[in-house]
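User: I would like to go through this model with you, beginning with the whole chain and then turning to single residues. Please keep the answers plain.

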Amino acid sequence: MAPQLQGIAEGLMKRFSGLMMASCLVLLTGTAFGAETIKIGVAGAHSGDLASYGMPTANAARLVTKEVNAKGGIDGKQIELLIQDEECKPEKATNVATKLISDGAVAVLGHICSGPTKAALPIYTAAKLVSISPTATSPELTRSGQYPLFFRTIAADDAQANLGADFAVNKLNAKKIALLHDKGDYGRGYAEFARDFIKNSGKAEVVLFEGVTPGAMDYSAVVQKVRQSGADTVMFGGYHPEASKMVAQLRKKRVKVNFVSDDGVKDDMFIKVAGDAAEGVYASGPQDVSGLAMNKAAREAHVAEFGTPPGAFFDPAYAAMQALVNAIDKADSTDSDKIAQALRTELVDTAIGTIKFDERGDAEGVGFTIYQVQNGKYVEMK
């Protein structure tokens, strides 16, 4: 090749962004059952502070895959899982998304946290790859119209923020509320939606709206601000590592407030880390579906396979994997448009009930409820 032509070629190659590379890589995956296996990616936090959210999803994927493969797979093809850890970090999620595409994933179960999901979705969208999350609750993921191949089996943040704020105002009779958040897409979004509800209610006042730094060892400064604000209730948007430290320091400093939070805190790990300080804490979470026969069977399978009860978000993760497998089967193809159409039109029995998805990608019929820590366990408030 002539030097000038080689220079032009190299220049053009350098202009390919990660999104363009993803678009090219998808051509390698095919759109029918031509491959030896049907590869499904599983992306989430499988290590680090938030592994207690990601590992139940990975285990749910393993259990559904084991059951489906034992029955002959999908149209005779076995499911192969491509499990990738991104620790709920957006900067790692983009690398994971690109790798899953290059490894031949035809769909992705995940991501887990809203921030990494938002980071990965442009890559999946460019590659025309369906993804379905059991836990990413940021409203814009389905409402912006940017991600037509994204689905989820959990309700959005505004639903649980409104539920939590309504509970604080109308059940706990809160008058002065301090809204704290972890500055992330998920936590700040929860706090902002709660703030809007509280202001519109006309029954309570937001006396503090403050972001905290995730991973900090000491939250005494914000605890002092809560005390000075005269708040009778704290609402926190974020995850259990920060919430457990915050609650412990509030109790240690004898700041007497109700503590209301989101599904990022409705995790047994929060109770384990916070200890006695967790008692009385309220948190929203997916509705209790433990009475469903399919849910009981799934949980029993987890105990039999892994020797422990499933952790947080196992139910919506199991349902997400069931819905994804069913859609691929009904589509009789790994073509993303056909899978998406099946997700929107085909009812499927899952561990959280019979579901399908609306045009935006939200599962119909799912919702949140309020739980309280009582005697070391989260109990649903009736």
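User: What percentage of the 382 residues of the chain count as buried?
Analyst: This is a predicted model. Of its 382 residues, 52% count as buried.

User: How many helices and strands does the chain have?
Analyst: There are 14 helices and 14 strands in the chain.

User: And what is the radius of gyration, set against that of a compact globule?
Analyst: The chain has a radius of gyration of 22 Å. A compact globule of 382 residues would have a value near 21 Å, so the chain agrees with that expectation. As for the outline, the C-alpha atoms fill a box of roughly 70 × 60 × 35 Å along the principal axes.

User: What share of the contacts join residues at least 24 apart?
Analyst: The share is 68%, taken among contacts between residues at least 6 apart in sequence.

User: Turning to the surface, how much of it belongs to carbon and sulfur atoms?
Analyst: Carbon and sulfur atoms account for 51% of an accessible surface of about 16,400 Å².

User: And the charges: how far apart are the mean positions of the positive and negative ones?
Analyst: They are 6 Å apart, with 41 positive and 45 negative charges in the chain.

User: New topic. How many disulfides are there, by the distance rule?
Analyst: The count is one disulfide. Cys88 and Cys113 are the partners, with an S to S distance of 2.0 Å. This pair links distant parts of the chain, 25 residues apart. Cys88 sits in the loop between strand E2 (78–85) and helix H4 (90–102), while Cys113 sits in the loop between strand E3 (107–109) and helix H5 (114–126).

User: What is the handedness of the link of Cys88 and Cys113?
Analyst: The link is right-handed, with 85° about the S-S bond.

User: Are Cys88 and Cys113 buried or exposed?
Analyst: Cys88 has 11% relative accessibility, under the 20% limit, and therefore counts as buried. Cys113 is also buried, at 4%.

User: Which residues does the cis peptide bond join?
Analyst: The cis bond joins Gly110 and His111, and omega is about 0°. His111 is placed in the loop between E3 and H5, and Cys113 of the disulfide lies in the loop between strand E3 (107–109) and helix H5 (114–126). As general background, most peptide bonds are trans.

User: What about backbone angles: what is the phi of Asp75, and what is the phi of Asn375?
Analyst: Asp75 has a positive phi of about 50°, although it is not a glycine. For Asn375, phi is near 55°, again a positive value in a residue other than glycine. Most residues other than glycine have a negative phi.

User: Where are Asp75 and Asn375 placed?
Analyst: Asp75 is in the loop between helix H3 (51–70) and E2. Asn375 is in the loop between strand E13 (368–374) and strand E14 (377–380).

User: And how accessible are Asp75 and Asn375?
Analyst: Asp75 has a relative accessibility of 44%, which lies between 20% and 50%, so it counts as partly exposed. Asn375 reaches 74%, over the 50% limit, and therefore counts as exposed.

User: Let us move to helix H10. Where is His240, and is it buried or exposed?
Analyst: His240 belongs to helix H10 (residues 240–252). It is buried, with a relative accessible area of 4%. Leaving aside neighbours within four places in sequence, the contacts of His240 include Asp49, Tyr53, Val265 and Phe270.

User: What does Ser244 touch, not counting residues up to four places away?
Analyst: Ser244 touches Phe270, Val273 and Ala274. Ser244 also lies in helix H10 and counts as buried at 2% relative accessibility. Between Ser244 and Val265 the C-alpha distance is 8.4 Å, across 21 residues of sequence.

User: Last one: where does Ile271 lie, and how far is it from His240?
Analyst: Ile271 lies in helix H11 (residues 268–274). The C-alpha atoms of Ile271 and His240 are 8.8 Å apart, with their positions 31 residues apart in sequence. Ile271 is buried, with a relative accessible area of 10%. Beyond its neighbours within four places, Ile271 is in contact with Ala278, Val373, Gly376, Lys377 and Tyr378.

Definitions and conventions
Residues numbered from 1 in each chain as written. Predicted model: local features only at pLDDT ≥ 70, side-chain atom pairs only at ≥ 80, totals over all residues. Heavy atoms only, no water. Helix = DSSP H or I, 4+ residues; strand = E, 2+ residues; numbered from the N terminus. Rg over C-alpha atoms; globule rule 2.2 N^0.38 Å. Buried < 20%, exposed > 50% of the residue type's maximum accessible area, 1.4 Å probe, protein only. Contact = heavy atoms within 4.5 Å. Areas by Shrake-Rupley, 256 points an atom, 1.4 Å probe, with all protein chains shown as cover. Lys, Arg positive; Asp, Glu negative; His and termini not counted. Charge placed at Lys NZ, Arg CZ, Asp CG, Glu CD. Disulfide = S-S within 2.5 Å.
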